[in-house]
Amino acid sequence: MPVPKAEFEQLPPCDFYTPAELLEDDQMYTVYEIARMLQGADPDAELDPETEDVLLDWAIPWVMTNADDLVVAEPRDEDEPGYYGLKE
């Protein structure tokens, strides 16, 4: 159910990192690592599955929105996710 804006003390803008602000030029990242980094967490942080699912809900649209600035690499192994990095 919608909530009146007046119920919140602060309403900062909904700004997200650009790929260049988030990712290192010479590195490739899984969507799981990107999800953690978008929230300011270490890319190797251990998260419970429920938290990781919520973070992925943010990361997947971010990857899709920024696809023009990214490159993708196929998984190296069958049980590994794909990788994303900055387009040069």
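A residue is called buried when its relative accessible area is under 20%, exposed when it is over 50%, and partly exposed in between (1.4 Å probe, protein chains only). The structure is a predicted model, in which local features need pLDDT of at least 70, side-chain atom pairs count only at pLDDT 80 or more, and totals for chains, interfaces and linings use all residues. Residues are numbered from 1 along each chain as its sequence is written, and side-chain values use heavy atoms, with hydrogens and water left out.

**Exercise 1. Describe the fold and the overall dimensions of the protein.**

Step 1. Helices (H or I, at least four residues) and strands (E, at least two) are DSSP runs, numbered from the N terminus. By this rule the protein has three helices and two strands, in the sequence order α-α-α-β-β.

Step 2. The radius of gyration, taken over C-alpha atoms, is compared with a globule rule of 2.2 Å times the number of residues to the power 0.38. For 88 residues that rule gives 12 Å, whereas the protein has 15 Å, well over it, so the protein is more spread out than a compact globule.

Step 3. The C-alpha trace spans about 50 × 30 × 20 Å along its principal axes. Of the 88 residues, 27% are buried.

**Exercise 2. Determine where G85 lies, and which residues it touches.**

Step 1. G85 belongs to strand β2, residues 83–86. Its relative accessible area is 0%, so G85 is buried.

Step 2. Contact means heavy atoms within 4.5 Å. Not counting residues up to four places away in sequence, G85 touches L23, Q27, M28, D69, L70 and V71.

Step 3. One of these partners shows how the chain returns on itself: L23 is 62 residues from G85 in sequence, yet the two C-alpha atoms are 6.9 Å apart.

**Exercise 3. Explain why α2 counts as largely enclosed, and identify what covers it.**

Step 1. Helix α2 covers residues 31–38. Its buried residues are V31, E33, I34, A35, R36, M37 and L38.

Step 2. Since seven of the eight residues are buried, α2 is largely enclosed by the rest of the structure. The cover over these buried residues includes α1, α3 and β2.

Step 3. At the far end, α2 is followed by G40, which has a positive phi, near 80°. Before α2, in the loop that joins it to α1 (19–22), stands T30. T30 is buried, at a relative accessible area of 7%, and touches P81, G82 and Y83, leaving aside residues up to four places away in sequence.

**Exercise 4. Locate the largest nonpolar core and examine two residues of α3.**

Step 1. In soluble globular proteins, nonpolar side chains tend to be buried together. A nonpolar core is a set of buried Ala, Val, Leu, Ile, Met, Phe, Trp, Tyr and Cys residues joined through side-chain atoms within 4.5 Å.

Step 2. The largest such core has 15 residues, and those with the most contacts inside it are L22, L23, I34, L38, A59, W62 and V63. The elements giving two or more residues to this core are α2 and α3.

Step 3. A59 is in contact with V31, I34, A35 and L38, leaving aside neighbours within four places in sequence.

Step 4. E52 lies in α3, residues 49–65, and is buried, with a relative accessible area of 18%. Beyond four places in sequence, E52 is in contact with Y32, R36 and L47.
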